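Hi,

Here is the structure we talked about, ready for you to open. Have a look at it first, and then read on for my notes.

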Amino acid sequence: MFKFAPYVFKSLWRHRSRTLLTVSGSAVALFVFCFVGSVQRGLSRLTEDQQALRTLIVFQENRFCPASSKLPEDYARTVAKLPGVKEVVPIKVFTNNCRASLDVVVFNGMPPDQLQAARDLTLLSGSWGEFDSKTDAAVVGQAVAQRRGLKVGQRFTIGEVTVSVVGIFRSSVPAEDNYIYTHLDFLQRARGQSSVGTVTQLEVQVSESADPDQVAAAIDAQFRNGPVGTSTRSKGVFQRDTLSDLAELIGFAHWLGYACVGLVLALVATTTVMAVQDRIKEHAVLQTLGLRPGRIFRLVLAESILQSIAGGLLGIGAGLALLAWGGFAVGAEGVTIAFNPSLDLAISGAVISLVVGVLAGLAPGWQAARTQIVTALRQA
Amino acid sequence: MALVEIRRLTKQFRKGDEVITPLQEVNLDIERGDFVSLMGASGSGKSTLLNAIAGIDRPTSGEIVINGSDITKLSRGALADWRAANIGYIFQMHNLIPVLSAYENIELPLLLLPMSAAERQKRVEIALDAVNLRDRANHYPRQLSGGQEQRVGIARAIVANPTIIVGDEPTGDLDSETTEQILDLVQRLNSELGMTLLLVTHDPRVAALAPRQLRLEKGKLIEKGREVALVGGDFQERSA
């Protein structure tokens, strides 16, 4: 079959404009497919992460935006004493935008001594020492730093909050790369006196032996008659609930992914059908020379697959490169979904391109293989 | 045993309500090294007979035994393999693959045979020499004249050293000067290389070159100098 590779490549090059347009169309469709896929994977990572199942988020009851949840900070001490609770981290969240946004900036104020233990962060530049010693210090996730062009030593202001960037970090959880961490008391003060003594949420680590649901119920029961009621959910559920509107949109967007696949299929199939119809006589000549119908079928299939794969690889490559360099994320109410490139996304895109190439070539290949030699040779 | 043995070959097809029979119980023997021309009026069935012998058209009934194989009994795929090994086809319109160079066009039939790349190269170069086109090996069909294209077509037909070479009006699309060159080449294939040739033609000058001249009339095959007709399933020859 490889002996006929020059014929296949030259046949594609014969109508190079048509071939390039088809490849470009496939590339654009797979590019969109990659983006949609990365958003869906980002959401899945956020809500299905095993670690997220053993971490509870205590939020003020009937509140949804971080700005409106105000829990007394001393709730942390009470929660820490409950059975099954390993650790409690009080967190103050401040975001520039509570609505869904592609450029959401989320500040998380945490006690500095707890930050490194509670988060798996690797500093790419800067130092933890400076973070610990400076009150207005902030370590910035690499995605935000990339998006906003932030570097260590810069000062950075969003709304009423101005911080000194003392470190850029990479997290093992891609969504965390979109956060900025500061000292808890700094963020409480920066937001005005009324925030001192209150936090947005408590992050509770449940011990291995405890049932997270039972611990969550115990926490809510503890504060049912307190000054502020609580709503406690696992981190995964909390994030899913917070992003429920976005999740619906993202769920709908997967149809866009399927539409892209359909688009490539139609595009490549149309081009291949046209190529076969242009060459009915040529296929008859090849059969006269002794090419089996099966070989003619495979030659047509090879053309179809090459176009689909070429477009697919271009689109996937461009999509993954942009995802890698763009640091994109969508967020709402202080929770973000990171759009990250991944190997499985690249593999699934390549497999889809291959399958689409095969499907698009089946009917034209069959048509070419069934060419009646004598009838076709009579064509002008 | 003749190289080609055709027995009671009939070809019918339907055109609307009418059944047309271009070939009716035709018999023909072609010996190895024969040079046979086949003439006949338009629609007389000469191309149909040629295509049946070349294995690109199926007869309605009868036998075509070539080199010991009854090709009417071969499957579509097996028939393709058989053509690759046994048939060299010279088309009227050259029918070169436009995206391939002269060299690549000539090499095409060899890609189907078990052969090393070095052997393929050697054979293509011999074929190019035979048609005197070595200097045009890397030219594409659009860069060749009509006569040169037909010579490439002939080189492609002979390169695999087939059992029989068939030509359907091989000079039908050429001017008279180029026709002379092609006919000279075809004659040399037979006289110098001993190739078995069957040419379909309208042109009496082309037909006259062949030692054996056949004519198809009303589905029957007549050979100049003798009539070949089927009676009761046996060959009978009659002086013309």
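Below is what I found, going through chain B and then chain A.

Before anything else, please keep in mind that this is a predicted model.

**The cores**

Let's begin with the nonpolar cores. The largest one has 55 residues, and B:Leu49 and B:Leu198 are the ones with the most contacts inside it. The biggest contributor is helix α1 of chain B (residues 46-54), which puts in five residues. If you click on B:Leu49, look for its contacts with B:Ile6, B:Leu9, B:Leu23, B:Leu38, B:Leu216 and B:Leu221; that list skips residues up to four places away in sequence. There is also another core, lying apart from that one, with 35 residues. B:Met115, B:Ala157, B:Val159 and B:Val186 are among them.

**An antiparallel sheet in chain B**

Next, an open sheet in chain B: four strands, in the order β2-β1-β4-β5, with antiparallel pairing. At the edges sit β2 (18-30) and β5 (69-70) of chain B, each of which pairs on one side only. Strand β1 of chain B (residues 4-15) is joined to β2(B) by eight bridges, again antiparallel. To find your way along that pair, use B:Arg14, which has B:Val19 opposite it in β2(B). Helix α1(B) packs on this sheet, where it touches β1, β2 and β4 (61-66) of chain B. The direction of α1(B) makes about 120° with that of β1(B).

**A covered strand in chain B**

Now go to strand β7 of chain B (residues 164-168). How many of its residues are buried? Five of five, so to speak a full house. The two faces are both covered: B:Ile164, B:Val166 and B:Asp168 are buried on one side, and B:Ile165 and B:Gly167 are buried on the other. In a regular strand, side chains alternate between the two faces of the sheet.

β7(B) has parallel partners. With β6(B) it pairs over four bridges, and B:Ile90 is the residue opposite B:Gly167 in β7(B). Four bridges also join β7(B) to strand β8 of chain B (residues 197-200), in parallel. There, B:Ile165 has B:Leu197 of β8(B) as its bridge partner.

**Two loop residues in chain B**

B:His94 is in the loop that runs between β6 (87-90) and α3 (102-107) of chain B. Is B:His94 buried or exposed? Its relative accessibility is 7%, so B:His94 counts as buried. Beyond its neighbours within four places in sequence, B:His94 contacts B:Gly146, B:Glu149, B:Gln150, B:Arg156, B:Asp173 and B:Leu174.

B:Asn132 is another loop residue, between α4 (117-130) and α5 (146-158) of chain B. Its relative accessibility is 58%, so B:Asn132 counts as exposed. The C-alpha atoms of B:Asn132 and B:Ala155 are 9.6 Å apart, and the two residues are 23 residues apart along the chain.

**Chain A: an enclosed strand**

Over in chain A, start with strand β1 (residues 55-60). Six of its six residues are buried, so β1(A) is largely enclosed by the rest of the structure. Strand β11 of chain A (residues 201-206) runs antiparallel to β1(A) and is joined to it by five bridges. As a landmark, A:Ile57 has A:Glu203 in β11(A) as its bridge partner. β1(A) also pairs with strand β12 of chain A (residues 230-234), antiparallel and over five bridges. In that pair, A:Phe59 is matched with A:Ser231 of β12(A).

**Chain A: two helices**

Helix α9 of chain A (residues 212-222) is a nice one to look at end-on. Its buried residues are A:Pro212, A:Val215, A:Ala216, A:Ile219 and A:Asp220. Why do they line one face of the helix? Down the axis of α9(A), the buried residues fall within an arc of 135°, and so they line one face. A:Asp213 and A:Gln214 are exposed on the other side of α9(A). The N-terminal end of α9(A) is capped by A:Asp211, which has a side-chain oxygen 3.1 Å from the backbone nitrogen of A:Asp213.

Last stop: A:Arg18, which sits in helix α2 of chain A (residues 16-48). Its relative accessibility is 19%, and the cut-off for buried is under 20%, so A:Arg18 counts as buried. Leaving out residues up to four places away in sequence, A:Arg18 touches A:Thr271, A:Met274, A:Ala275 and A:Asp278.

Cheers

Technical notes. Residues numbered from 1 in each chain as written. Chains lettered and ligands numbered in written order. Predicted model: local features only at pLDDT ≥ 70, side-chain atom pairs only at ≥ 80, totals over all residues. Heavy atoms only, no water. Core = buried A, V, L, I, M, F, W, Y, C linked by side-chain atoms within 4.5 Å. Buried < 20%, exposed > 50% of the residue type's maximum accessible area, 1.4 Å probe, protein only. Contact = heavy atoms within 4.5 Å. Pairing = 2+ DSSP bridges. Axes fitted to C-alpha atoms, helices over the stretch in contact; angles between N-to-C directions. Arc of directions from axis to C-beta. Polar contact = N/O pair within 3.5 Å; in protein donor to acceptor, adjacent residues only side chain to side chain.
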